[in-house]
Amino acid sequence: MSFAKEKLKALKAIAVALTAAVLLASCDSKLLHPQMVIGVLLPTTSSERWINDGDYLRNNLISKGYKVEVRFAEDNIDLQVQQLKEMLESNVHCLVIASIDSLALLDGLTQAYKRGIPVISYDRLLLNTQAVSYYVSFDNKNVGTQIAQYIETQYQLETAKDEGRSYTIEFFMGSPDDNNAIKLHDGIIEVLDKYLKSGVLVCKSGETEFGKTCILRWSRDTAKKRCDNLLDIYYKDSKLDIACSAYDGFAYGIRDSLLAHGYKVGTNWPCVTGQDAEIKAVQNIIEGSQAMTIYKDSRELSAKCVTMVDALFHGMRPEINNKTDYNNGRMNVLSYLCRPVTIDAFNIEQILVQGGYYTKGQLGLE
């Protein structure tokens with residue numbers, strides 16, 4: 001069958017599904033989708049962030065009357081491929097996918113597309129496929145920009161050259177199979193590149209490119225090993241001032257490495273950055289072993305995802321705020337990007353506690 005005929009068949013299947021959904025629209029809202037099953041594929045339970053996403057997605061979708069299946073693949077690519085296959089075999093009506101390696105899912109995504117099963121790319125963009133209906137995430141380049149701007153402000157880099165100041169820096173970037181990680185790195189370098197070129201920031205390893213600083217599967221252990229190697233090779237007789245980390249999990253590994261190399265919180269401790277505002281990270285900020293993190297409210301992200309699911313089954317379009325910046329290699333994916341927020345010791349209570357994300361007890365503030 002030609003691609004054109006396959007596409008026409010898929011579009012007809014979507015039209016049938018949407019027509020059926022519209023006919024259900026007059027039902028009681030809690031029984032709106034009595035037979036609609038949403039399959040949710042998430043990377044791992046090793047991160048607090050993904051556990052929260054799974055809970056929020058499950059609860060929000062159930063509250064709308066959907067049946068929900070949530071699966072975690074524990075960062076095992078083959079397992080996630082198998083989970084996608086099983087969901088297709090169980091005849092789910094919509095897929096929400098945060099991939100470990102999106103290219104590994106291409107066969108399953110092609111089957112979903114042919115069968116008219118809508119796919120929402122959740123947080124991580126699914127690449128090289130036409131199966132994606134929508135993408136919902138945070139503005140990942142802005143995440144990198146905010147991390148870099150925090151460093152810029154804390155060290156007053158704009159005046160450092162004139163005042164004869166310079167600082168050492170090393171980079172710990174995200175997984176190479178995650179499109180978000182690349183955009184985050186772009187945001188960081190866009191801000192800090194001029195300081196690296198002027199000598200205000202000195203990367204003694206010379207490793208500033210994404211390919212040299214990326215850490216596969218966002219691994220805490222690999223981040224620790226990278227930090228151990230950098231300190232052993234380049235910082236035996238000098239101090240590391242800034243560990244520019246793209247993830248809270250990296251920051252934990254960096255913390256372990258710094259402690260093992262004799263660094264002490266409150267004296268010669270570097271500025272360690274992060275992302276995700278995990279409880280442990282926020283506690284480390286309070287302690288002083290992490291300078292900041294980027295807060296990405298999973299409640300907002302999951303809520304936006306659910307509006308996309310609803311839109312698909314009602315023949316409507318959800319709110320979109322980006323149509324051009326997320327090309328997955330086959331098309332520009334219609335996207336909604338939520339806003340990240342910088343968190344440090346000065347706004348933890350205002351943003352995280354008063355905003356209801358954590359309690360004082362959870363953070364040890366009582």
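This report describes strands, helix packing and salt bridges in a predicted model.

**Strands and their surroundings**

Strand β1 (residues 37–42) has 6 of its 6 residues buried, so it is largely enclosed by the rest of the structure. The cover extends to both faces of β1, with V37, G39 and L41 buried on one side and I38, V40 and L42 buried on the other. To strand β2 (residues 67–72), β1 is joined by 6 bridges, and the two run parallel; within this pairing, V40 stands opposite V70 of β2.

A comparable description applies to β11, where S335 and L337 on one side and Y336 and C338 on the other are all buried, so that both faces of the strand are covered. The partner of β11 described here is strand β5 (residues 132–138), which pairs with it in the parallel sense over 4 bridges, and in this pair F138 is placed opposite C338 of β11. In general terms, the strands of a sheet pair through backbone hydrogen bonds, in either a parallel or an antiparallel sense.

Elsewhere in the chain, an open sheet is formed by 4 strands in the order β7-β6-β8-β9, with parallel pairing. Its edge strands, each pairing on one side only, are β7 (201–202) and β9 (271–272). Between strand β8 (residues 242–245) and β9 there are 2 bridges, the two strands running parallel, and I242 is found opposite C271 of β9.

**Helices on the sheet and against each other**

Helix α7 (residues 179–198) packs on this open sheet, where it touches β6 (167–172), β7 and β8, and its direction makes about 150° with that of β6. Helix α10 (residues 248–260), for its part, lies across β6, β8 and β9 and runs at about 155° to β8.

Helix α7 also packs with helix α5 (residues 140–154), at an angle of about 30° and with the two axes 6 Å apart, and the crossing in which α5 passes α7 is right-handed. Residues of α5 that make this contact include N140, V143, T145, A148 and E152, while those contributed by α7 include N180, L184, G187, I188, V191 and Y195.

Which residues does T145 contact, leaving aside its neighbours within four places in sequence? T145, which has its place in helix α5, is in contact with G187, I188 and V191 once those neighbours are set aside. Because residues under 20% relative accessible area are classed as buried, T145 counts as buried at 13% relative accessibility.

In helix α4 (residues 106–114), the buried residues are G108, L109, A112 and Y113. These residues cover an arc of only 140° around the axis, which puts them on the same side of α4. Just after α4, G116 takes a positive phi of about 75°.

**Salt bridges**

Side chains of opposite charge can pair when their charged atoms come close. A search of the whole structure finds 20 salt bridges, and the table sets out some of them with the separation of the closest N and O atoms.

| Residue | Partner | Closest N and O atoms |
|---|---|---|
| E69 | R71 | 3.7 Å |
| R299 | D297 | 2.9 Å |
| K304 | E319 | 3.0 Å |

The accessibility of the residues in these pairs can be set beside the separations. In the E69 pair, E69 is partly exposed with a relative accessible area of 28%, and R71 is likewise partly exposed, at 26%. In the R299 pair, R299 counts as partly exposed at 27% relative accessibility, whereas D297 counts as buried at 14%.

For the remaining pair in the table, K304 forms its salt bridge with E319. K304 lies in helix α12 (residues 298–314) and E319 in the loop between α12 and β11 (335–338), so the pair ties together parts that are 15 residues apart in sequence. K304 is buried, with a relative accessible area of 19%. Apart from these pairs, R49, D53 and D123 are joined into one network by salt bridges that share partners.

Terms used
Residues numbered from 1 in each chain as written. Predicted model: local features only at pLDDT ≥ 70, side-chain atom pairs only at ≥ 80, totals over all residues. Heavy atoms only, no water. Salt bridge = Lys/Arg side-chain N within 4 Å of Asp/Glu carboxyl O. Buried < 20%, exposed > 50% of the residue type's maximum accessible area, 1.4 Å probe, protein only. Arc of directions from axis to C-beta. Pairing = 2+ DSSP bridges. Contact = heavy atoms within 4.5 Å. Axes fitted to C-alpha atoms, helices over the stretch in contact; angles between N-to-C directions. Left-handed = near helix turned anticlockwise from the far one by under 90°.
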